[in-house]
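This report walks through a structure step by step, from a single residue outward to whole chains and the place where they meet. Please keep the sequence and the 3D view at hand while reading.

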Amino acid sequence: MMLQIKPILSALRRHKAGAVLIALQTALTLAIVCNALFIIQQRVAHLSAPSGIDEANLLVIENSWADKLSKEDADAQQRADLMVLRRLPGVQDAVASNSYPMRGGGWDQFITLTPDQTTAVGDAAVYLGDEHFMDTLGVKLIAGRNFRPDEIRPIANRENVMPPVTIVTKTLADKLFPDGSALGKPIYAMSNTPTTIIGIVDVLQTQSLADWQMRNAYQSLIWPMRLVGNAYYILRAKPGQLAMLRKEAVKALYAQNRMRVINDDGVMGYAEVRQKAYDSDYGMAVLMGVICVVLLAITAAGIVGLTSFWVGQRRKQIGVRRALGATRGDILGYFMTENLLISVGGAVVGVLLAIAMNLWMVTRFEMHRLSLFYVLAGVLLLLLLGQGAVLAPAIRASRVSPVEATRSV
Amino acid sequence: MLKMTHLSKVYRTEVVETYALRDFNIDVKEGEFVAVTGPSGSGKTTFLTIAGLLETFTGGEYHLDGVEVSNLNDNARSKIRNEKIGFIFQAFNLIPDLNVFDNVEVPLRYRGMKAAERKQRIMDALERVGLASRAKHYPAELSGGQQQRVAIARALAGSPRLLLADEPTGNLDTQMARGVMELLEEIHREGATIVMVTHDPELAARAQRNVHIIDGQVVDLAEDPRFHHAQHTAHTGTPA
């Protein structure tokens, strides 16, 4: 088989319309596919971001009191609830909190290193919890200590109190004190009262998964407080006990006090939390995937259609080439090379279009810059698609008999 | 150079077998100019396509330049077509998307020849047919006679051992046909072996030897009653 680039280019110059249309289709597909693959990758990376907690064994129960309770009554009820939950067979530990990772939103605070600092050093998610928080969620303490029971205080919703001590994630600690000296240091959370870092945990994902919050995704802190009133009870089941606990925990809570509301959708394992949290990411990835597949299919169909048309149109010419000594491989190579040249032309335009499209999305939707890898992957994909699509008509062309040369049209 | 012995070609459909060639024998020596004549449907073109390895035959033997070709695979047949045979078709069969230079280059490219040698051969061949100045023209910009000359240049450029011409003047007016015929005669004088299929008796008369085909068989014109029958019908319009 031999390369026939010059005569193929000469012939293509005389069939500009079809070639240009396919090249443009390839270019447009490439531009969209590159960006779509990039978006899919970002969404998949987002989906697979670690939470730092023991998701497999966690259960979240959203508890609301039917009556308006005083802070003291609410605190007493919550203590009683927690005692009931912690005593349940199959429960490893339980805690009450204002929120949980991947909830979709919650408290966050701008953190400064001095009370008069006007620019925040970090933006951190705030979790309230007692000394059971880390054990319940399965968060790993890597420096310092856990809260002591005497440091825990109940607070009501919207009560603005600064705890004297706090536990932070390593990401937040490193952000605030890049030299690694966070332990024991005071920080300020939009208040003049300092809170001292007594512990550092490895990973604890924030509640919000919004794109604009992604750079803060692991900047979390835990305050030694119990949010009394409406709160989330988080239970860590012993391995294999989670399904059983879904019913038993709710039953036990109602048995402790019937004057509460626990909706069916207010009881969730982490599989559901994760699915709900990443619904839009998953949806976007699927949508982009479908767009890619449809576009690639349309482009492939266009290539198959045009090449089949050209093969039919050039049947006699193929016969003449065969009569003059072309092997089947030469004919196959002719159509494959022809498609490759058109695809390369389309890819050049497509790369420029992909970059332009990405730049527009960067400025318009705060997307990330398109990585060169996705451009190259897109080019390779389109070239392979072109070669794959052209294969069947090219094989048909290679089977044209040389005797076709002697037939009158 | 070209020897067919008891060769047959059968076209089969589900219901009928048609013999295009039957017990066909021919022996063309090197350097001969043979005209193959016969009425329409007699098997002339089938003979030519088999001789040019454009299609296979059903039975018998065919030796081309000393090689028995019946067992050759497709690639080997392509190689022989490319290196040993030059084709001249009635409809010229130039590739309309390529200019004259590129058309003549087609068989040379399939031979894997270097660009410099290709160029030299192409220009020599075009000089020989008097069309060197038209190298950049496209077939549609040439007259029928010029297109056939380009086709002859394409056939000659590869220095084939055998030239096969299928009604080479069939699509040309008398003057152009004469020019093409003179070119073929000149090529023959230089030593080429030419087998030309034609139904034009005047053209056939200019060949060194005539072979007549009727009903897929080579016949001796003097002895074959079918020839006399055909001749009588042609002259009187009624069977003898």
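## A report on the predicted model

Setting aside residues up to four places away in sequence, A:Asp108 touches A:Asp123, A:Ala124, A:Ala125 and A:Val126. Everything described here belongs to a predicted model, and the values should be read with that in mind. A:Asp108 itself sits in strand 3 of chain A, which covers residues 108–112, and it counts as buried because it has 20 C-beta neighbours inside 10 Å. A:Ser208 stands 100 residues from A:Asp108 in sequence, yet the two C-alpha atoms are 9.4 Å apart in space.

One of the partners of A:Asp108 is A:Ala124, which has its place in strand 4 of chain A, residues 122–129. Is A:Ala124 buried or exposed? With 27 other C-beta atoms within 10 Å, A:Ala124 is buried. Its contacts, leaving aside neighbours within four places in sequence, are A:Asp108, A:Gln109, A:Ile111, A:Leu172, A:Gln219, A:Ser220 and A:Leu221. For A:Gln109, which is 15 residues from A:Ala124 along the chain, the separation between the C-alpha atoms is 5.4 Å.

### Residues with positive phi

Two methionines of chain A can be set side by side in a table.

| Residue | Phi | Location | C-beta atoms within 10 Å |
|---|---|---|---|
| A:Met102 | near 75 degrees | loop between strand 2 (91–97) and strand 3 of chain A | 22, buried |
| A:Met190 | near 55 degrees | loop between strand 8 (186–189) and strand 9 (195–201) of chain A | 12, exposed |

The phi of A:Met102 is a positive value in a residue other than glycine, and the phi of A:Met190 is likewise positive in a residue other than glycine. A further positive phi, of about 55 degrees, is taken by A:Glu366, which comes just after helix 10 of chain A. That helix runs over residues 328–365, and at 1.5 Å a residue its 38 residues should span 56 Å; the end C-alpha atoms are 51 Å apart, which agrees.

### Chain A as a whole

Chain A contains eleven helices and 13 strands. Its radius of gyration is 32 Å, well over the 22 Å that the globule rule gives for 409 residues, so chain A is more spread out than a compact globule. Along the principal axes, its C-alpha trace spans about 100 × 50 × 35 Å. The domain assignment gives chain A a domain 1, made of 5–48 and 280–406, and a domain 2, made of 67–258, and the C-alpha centres of these domains lie 53 Å apart. Of the 409 residues in chain A, 43% are buried. Among contacts in chain A with a separation of 6 or more, 83% join residues that are 24 or more positions apart.

### Chain B as a whole

Chain B has eight helices and ten strands. How does its radius of gyration stand beside the value for a compact globule, and what are the two figures? A compact globule of 240 residues would have a radius of gyration near 18 Å, and chain B has 19 Å, which agrees. The C-alpha atoms of chain B fill a box of roughly 55 × 40 × 35 Å along the principal axes, and buried residues make up 45% of the 240 residues in the chain. Residues 24 or more positions apart account for 69% of the contacts in chain B with a separation of 6 or more.

### Cores and the contact between chains

The largest nonpolar core has 117 residues, and those with the most contacts inside it are A:Leu30, A:Cys34, B:Val36, B:Val104, B:Ala153, B:Leu164 and B:Val195. Helix 2 of chain A, residues 16–47, gives the most to this core, with 14 residues. A second, separate core of 56 residues includes A:Val95, A:Tyr127, A:Val139 and A:Leu209. Returning to B:Ala153, its contacts beyond four places in sequence are B:Val104, B:Ala125, B:Leu126, B:Arg128, B:Val129 and B:Leu131.

Where the chains meet, the contact takes 22 residues from chain A and 26 residues from chain B. On the side of chain A that touches chain B, helix 1 (5–13), helix 9 (315–323) and helix 10 each supply at least two residues, and the largest share, four residues, comes from helix 9 of chain A. By class, this side of chain A has ten nonpolar, eight polar and four charged residues.

Key. Residues are numbered from 1 along each chain as its sequence is written. Chains are lettered from A and ligands numbered from 1 in the order in which they are written. This is a predicted model: local features need pLDDT of at least 70, side-chain atom pairs count only at pLDDT 80 or more; totals for chains, interfaces and linings use all residues. A nonpolar core is a set of buried Ala, Val, Leu, Ile, Met, Phe, Trp, Tyr and Cys residues joined through C-beta atoms within 7 Å. Two residues are in contact if their C-beta atoms, placed from the backbone, lie within 7 Å. The expected span of a helix is 1.5 Å times one less than its number of residues. Ala, Val, Leu, Ile, Met, Phe, Trp, Tyr, Cys and Pro count as nonpolar, Asp, Glu, Lys and Arg as charged, and the others, Gly among them, as polar. Domain bounds come from an automatic or database domain assignment. The radius of gyration is taken over C-alpha atoms; the globule rule is 2.2 Å times the number of residues to the power 0.38.
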